[in-house]
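Student: Got a minute to go through this one with me? I'd like to talk helix packing, then pockets.
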Amino acid sequence: MPITHRFDTTTGILFSKASGDITPEDGLQSHREIADYRSRHASLKLVADMRDAAVIASPDEVLAIMQAFFHIVGPDIPVALIVPDDAADPNPLLAQTQAFIEGGRMRVFHRENAATSWLLDGAPRSRG
């Protein structure tokens, strides 16, 4: 599977690493696996690293995948999404917008240390 998961018992962070071509079906399967971790770790936090992946989905499919995430996993899980520095792809911002609509907490980052720090600081909501 192009998405792997590693749980850090010290921080309570699940690190999901995607690589290669990611389809909507891959995303939904990953959501189910994350929900399984969530059932065993109530205060789960998620780092989703997409730097080595290409999402093969339309913008509408990306929104549907994110909507499904918050319905399968739950809206209260904080998510730090890591994308490449040069990402001109609108999908990460679409995902972040859908998270806001669903009442979730998601931020887009380019570096793992910034993503992890945000989660460990309590994943504060952005100030507008």
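Tutor: Sure. Keep in mind that this is a predicted model. Start with helix α2, residues 59-72, and helix α3, residues 91-101. Their axes lie 9 Å apart, and the packing angle is about 40°.

Student: So are α2 and α3 parallel or oblique to each other?
Tutor: Oblique. Roughly parallel would need an angle under 35 degrees, and α2 and α3 pack at about 40°.

Student: What hand does the crossing of α2 and α3 have?
Tutor: Right-handed.

Student: Which residues meet there?
Tutor: From α2, they are Pro59, Val62, Leu63, Met66, Gln67 and Phe70. Facing them in α3 are Asn91, Leu94, Ala95, Gln98 and Ala99. By class, that contact has 8 nonpolar and 3 polar residues, with no charged ones.

Student: OK, other helix pair. What angle do α1 and α2 pack at?
Tutor: About 15°, with axes 9 Å apart. The two helices are therefore roughly parallel to each other. The crossing of α1 and α2 is right-handed.

Student: And which residues make that contact?
Tutor: α1 brings Pro24, Leu28, His31, Arg32, Ile34 and Ala35. α2 brings Glu61, Ile65, Ala68, Phe69 and Ile72. Sorted by class, the contact of α1 with α2 has 8 nonpolar, 1 polar and 2 charged residues.

Student: Switching to pockets. How much space lies in the largest pocket?
Tutor: About 550 Å³. It is lined by 31 residues.

Student: Which of those are closest to the centre of the largest pocket?
Tutor: Ala48, Met50, Val55, Met66 and Leu81. You have met Met66 already: this α2 residue is also in the contact with α3.

Student: Which elements give two or more residues to the lining?
Tutor: Three strands and three helices, by name: β2 (13-22), β3 (45-55) and β4 (78-82), plus α1 (24-40), α2 and α3.

Student: Where does the largest share come from?
Tutor: From β3, which gives 7 residues to the lining of the largest pocket.

Student: Last one. What's the class split of that lining?
Tutor: The lining has 22 nonpolar, 6 polar and 3 charged residues.

Student: Quick recap of the helix pairs?
Tutor: α2 and α3 pack at about 40°, whereas α1 and α2 pack at about 15°. α2 and α3 both give residues to the lining of the largest pocket, and so does α1.

Note on methods: Residues are numbered from 1 along each chain as its sequence is written. This is a predicted model: local features need pLDDT of at least 70, side-chain atom pairs count only at pLDDT 80 or more; totals for chains, interfaces and linings use all residues. Side-chain values use heavy atoms; hydrogens and water are left out. Axes are lines fitted to C-alpha atoms, for helices over the stretch in contact, and angles run from 0 to 180 degrees between N-to-C directions. Helices (H or I, at least four residues) and strands (E, at least two) are DSSP runs, numbered from the N terminus. Angles under 35 degrees count as roughly parallel, over 145 as roughly antiparallel, 65 to 115 as roughly perpendicular and the rest as oblique. A crossing is left-handed if the near helix is turned anticlockwise from the far one by less than a right angle, and right-handed if clockwise. Contact means heavy atoms within 4.5 Å. Ala, Val, Leu, Ile, Met, Phe, Trp, Tyr, Cys and Pro count as nonpolar, Asp, Glu, Lys and Arg as charged, and the others, Gly among them, as polar. On a 1 Å grid over the protein atoms alone, a cavity is a set of points where a 1.4 Å probe fits but cannot get out, and a pocket is an open set with protein on both sides within 12 Å along at least five of seven lines; lining residues have an atom within 4 Å of a point. Grid points are joined across faces, edges and corners, and a volume is the space filled by probe spheres set on the points.
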